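The following exercises, each with a worked solution, introduce a structure to a reader who has not met it before. Please study the view below before attempting them.

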Amino acid sequence: MERGRANRAATIQQTGLDLPAFRDRVRSIKETAAQDPSIADAFAEAVRANGGRVFFAATARDGVRYVLDICRANGAEFLVKSKSLTSEEIEMNQGLAAEGIRAIETDLGELLCQVAGEKPSHLVFPAIHMTSDRIARMLTQAYGEAIAPEPSSILSAVRARLRPQFLAATVGVTGANIGIAETGSIVVETNEGNGRLVTSVPRVHIALIGLEKIVRRWEDAADLVRGHAISATGQRMTVYVSLISQRQSVAGDPMGREFHVIILDNGRTRMRADPVFREALNCIRCGACMNVCPTYGVTGGHVFGHIYPGPIGIPWTANVHGLEDAGFAHLCVSCGLCHEICPVDIDIPWMIAKVKEQDVDAHGQPIAERFFMASEAFAKIASLTAPFANGFLSHPAVRVAMEKTLGVDRRRTLPSFAGRTLRQRLRLRTPGSGHLGRVAFFPDLYAEYNNPNLGLKAIEILERLGYSVRVPDVQWSGMPYVSYGRLEKASKLAARNLRVLGRLVEEGYAIVSTEPTAVYMLRKVYPKLVVGDLAEKVAARSHGLFEFIEPRLSALQATPAREIDGFVGFHIPCHDRALSSGIPAMHFLERAGYRVRPVETGTCCGIAGTFGMKEGWLGYELSMAVGEKLFEQFRASGCELIATESSVCSLQLRDGLSREILHPLDMIHFDSSRPSSS
Amino acid sequence: MVALRDLKAEPHAVVTKPSTSQILRFLVDGHHAKRVVVANVPSALRPLVADGLRGLSVQFLEEVPSKDVVKACADADVGVTWAEFAIADDGAVVEVAHDDSARLAASLPIVHVVLLPTERLVQDIGEGMAAAGQLLRSSEPGHRPTITFISGPSRTGDIELRLLYGVHGPHSLHVMLLDWYPGR
């Protein structure tokens, strides 16, 4: 089930949920909740009016201390607990253990982690890394009775083992998915039913809630409840959604039952004031970002996480636990998919880029990353000296040396360089006079230095359709600066490119590129690097080639350059998922007469720009491990040709599949006669 | 009913008043149950429940000393409770508890039978959420009910992402849809 991705898609379709509208609503609810301090005060007042007690914990320590005091006041030597990531954040179990009080995990996944002495590896599926064989062996040893490696035996053993502890517990601790200020209520969502027992059997219930989780009204909470279930596991609703406002009597007897709510700050107020990291407070902890993250999928949460795992775990860790614990930021490959899937539209990639920036400032930068950030200078030299450079760069001894000195993995095929760049070749050409409009073609590195033919073909198509085309004096788009945390350099480069492009846009030019990453940078990243109207204006006029020509495809007389019986397997580059998801490029091929099918895992192919060119595990090896599922799907698909728009994805597919990978423009011919252009 | 089955809950239509006792008995016998706890069921329905469970050990929790309630529920094979309303599209039944005996009876035994008046079905989750909000808001501070949306039996995906039922809460959830209720 791909960590819930397939279920999620099916549920969204079945319920006819208007996802973009829902996303906007959830976002505005969370933004208010995260930014307005008066909501927590109103919540506290309402809890007290219902007879509960409230404690504001400024730090993790304060929170643990309060739980300890309550246990002592009630003579409890242990407590039962249902899943609460916030309690993990404050390391409550350890803090209590140091004072002689045991916290017993009752969520199956958390319990398994506790028995194994490991940290949870996923927000929603904490024991996702364990097999049933291993679980059975572990429990057999821990419980001293034979347990078969069957899920049903494991379940009965755990049920039987935990029951007496539930029944004997005086104190129960839960997290809270949501707090509701108007009625002083909390929402506790569980699938296993342990939350029901923890909040009904013990005499004392302590709920721990981060202050960003409190919303004003029940209607706000209702939307979040739906968001949690769909995004986390693809359910319509979590099995038990409990709305708890106070303790209830038992058979008419109040029995001295207590309700405590700990509202935790622990760095949240500071995050609230930070223009970048305040975004993280919008998280609803559904885990969708880790379900889609390519490198999390291979490494799991023990590697890709500290206490908060996965993509959103990076900014959370840096802020609540500190930069030293957030080193796993470098596992992020900047594919941007976490932002695309997030039900609250949180710009996780941008926060991660900021954490990487702080990290390289504090700890320095690997040589390979410095090399790839100099890609443009390197391409210029290599292109000037091609074909010598190509022979040199493909020599095994040179590759070994490059690996040792520059950290470029010797196993990775590198693109070759063209002797004459796109701009040099265009000098000999007379530009067409377009009646439809003017286009500035943004070549980026690949269409300039590696494959100018691709650039020429794109320009030819644009001219045939009736545009006049020029290649402006821009540099490359500079994605590696963002991937490797050099945001100052990225901003400088963006500002320079924007000055050139801004003037052109003023003159009525549209900006078009064949490289999805370049379009992604222009549309999504430059406006963050250089805040203001200029970047917004350029973003609004930047397009992928196929998206730009789509309305006029009927005017193109294109025929297939390859005769095939089967179909074309199409790979959608991650950065294009934020733009057009490859749809216009697939239409383009279909229009020319091909049958096209996307072949996809829903996540990255693994190369992620230059990440998969870096030497060793944190590069080539991880990138191939991520790609394996996609390679397998391509092999099993029976496709006859493979196409993708991205220059780097095509390197990855070639290395993974040992097959020819085509750009859609390589796959068509035009009729020799020019189409009538009016 | 389809929505309930999708959630692995078992729906049972109860068309006439007398059949309430018979169907309840049939369900309880199907699980070879000996001990049953009942909570939160409207007083008008209690004789029907008692009638259906004749001969078994049955405890109406309202009549049990408070200190013995948890043990009674923990020892029972079946808990019978009441749903205030339910959501037709999603199969979620909604429990409204002013006393925790209802929640204990619904979560400690391995089998949960919930009685639901068919006329109180609402169509979709939006309506269901609005109804819950209404209940919550109209209650006074300090007298607010605990409201729980229950979507099928207890489940977990924690072992190899396989869906398994009955980890802490009930393994089986039977929903008796009382078509006849409130009756004339």
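## Exercise 1. The build of chain B

In this predicted model, residues 24 or more positions apart account for 71% of the contacts in chain B with a separation of 6 or more.

**Task.** State which helices and strands chain B has by number, and determine how its radius of gyration stands to that of a compact globule.

**Solution.**
Step 1. Chain B contains 6 helices and 12 strands.
Step 2. Along the principal axes, the C-alpha atoms of chain B fill a box of roughly 50 × 45 × 35 Å.
Step 3. For 184 residues, a compact globule would have a radius of gyration near 16 Å; the value for chain B is 16 Å, and therefore the two agree.
Step 4. Of the 184 residues in chain B, 51% are buried.

## Exercise 2. The open sheet of chain B

**Task.** Give the order of the strands in the open sheet of chain B, and identify the edge strands.

**Solution.**
Step 1. The open sheet has 6 strands, with parallel pairing, in the order β1-β12-β7-β4-β2-β3 of chain B.
Step 2. β1 (10–14) and β3 (57–60) of chain B each pair on one side only, which makes them the edge strands.
Step 3. From one strand to the next, the twist averages 20 degrees.
Step 4. Within the sheet, β4 (residues 78–82) and β7 (residues 111–117) of chain B pair in the parallel sense over 5 bridges. Val80(B) stands opposite Val113(B) of β7(B).
Step 5. Helix α5(B) packs on the sheet, where it touches β2 (35–38), β4 and β7 of chain B. The direction of α5(B) makes about 135 degrees with that of β4(B).

## Exercise 3. Where the chains meet

**Task.** Describe the side of chain B that touches chain A: which element supplies the largest share, and how do the residues divide by character?

**Solution.**
Step 1. The contact involves 47 residues of chain B and 52 residues of chain A.
Step 2. Elements of chain B that each supply at least two residues to this side include α4 (69–75), β6 (92–97), α5 (100–107) and β10 (155–159).
Step 3. The largest share comes from α6(B), with 6 residues.
Step 4. By character, this side of chain B has 20 nonpolar, 16 polar and 11 charged residues.
Step 5. Strands also pair across the two chains: β9 (residues 240–244) of chain A and β9(B) are antiparallel over 4 bridges. In that pairing, Ser242(A) has Thr148(B) as its bridge partner.

## Exercise 4. The surroundings of helix α33(A)

**Task.** Explain why helix α33(A) is described as largely enclosed, and find how α32(A) is oriented to α33(A).

**Solution.**
Step 1. Helix α33 of chain A spans residues 647–657; 8 of these 11 residues are buried, so the helix is largely enclosed by the rest of the structure.
Step 2. Among the buried residues of α33(A) are Val648(A), Cys649(A), Leu653(A) and Asp655(A).
Step 3. The cover over the buried residues includes α23 (444–450), β16 (568–571), α32 (617–637) and β18 (641–644) of chain A.
Step 4. The axes of α32(A) and α33(A) come within 10 Å and cross at roughly 75 degrees. The helices α32(A) and α33(A) are therefore roughly perpendicular.
Step 5. On α32(A), the contact is made by Ser623(A), Met624(A), Gly627(A), Phe631(A) and Phe634(A); on α33(A), by Gln652(A), Gly656(A) and Leu657(A).
Step 6. The residues of this contact divide into 4 nonpolar, 4 polar and no charged.
Step 7. Just after α33(A), Ser658(A) takes a positive phi of about 50 degrees.

## Exercise 5. Backbone features in loops

**Task.** Locate the cis peptide bonds before Pro387(A) and Pro182(B), and decide whether Asn266(A) and Arg285(A) are buried or partly exposed.

**Solution.**
Step 1. Most residues other than glycine have a negative phi, and most peptide bonds are trans.
Step 2. The bond from Ala386(A) to Pro387(A) is cis, with omega near 5 degrees. Pro387(A) is in the loop between α19 (375–385) and α20 (388–393) of chain A.
Step 3. The bond from Tyr181(B) to Pro182(B) is also cis, with omega near 5 degrees, and Pro182(B) is in the segment after β12 (172–178) of chain B.
Step 4. Asn266(A), with a positive phi near 45 degrees, lies in the loop between β10 (258–264) and α12 (268–273) of chain A. Asn266(A) has 22 C-beta neighbours inside 10 Å and so counts as buried.
Step 5. Arg285(A) has a positive phi of about 60 degrees and lies in the loop between α12 and α13 (288–292) of chain A. With 19 other C-beta atoms within 10 Å, Arg285(A) is partly exposed.

Notes. Residues numbered from 1 in each chain as written. Chains lettered and ligands numbered in written order. Predicted model: local features only at pLDDT ≥ 70, side-chain atom pairs only at ≥ 80, totals over all residues. Buried ≥ 20, exposed ≤ 12 C-beta atoms within 10 Å, placed from the backbone. Contact = placed C-beta atoms within 7 Å. Nonpolar A, V, L, I, M, F, W, Y, C, P; charged D, E, K, R; others polar. Pairing = 2+ DSSP bridges. Axes fitted to C-alpha atoms, helices over the stretch in contact; angles between N-to-C directions. Rg over C-alpha atoms; globule rule 2.2 N^0.38 Å. Parallel < 35°, antiparallel > 145°, perpendicular 65-115°, else oblique.
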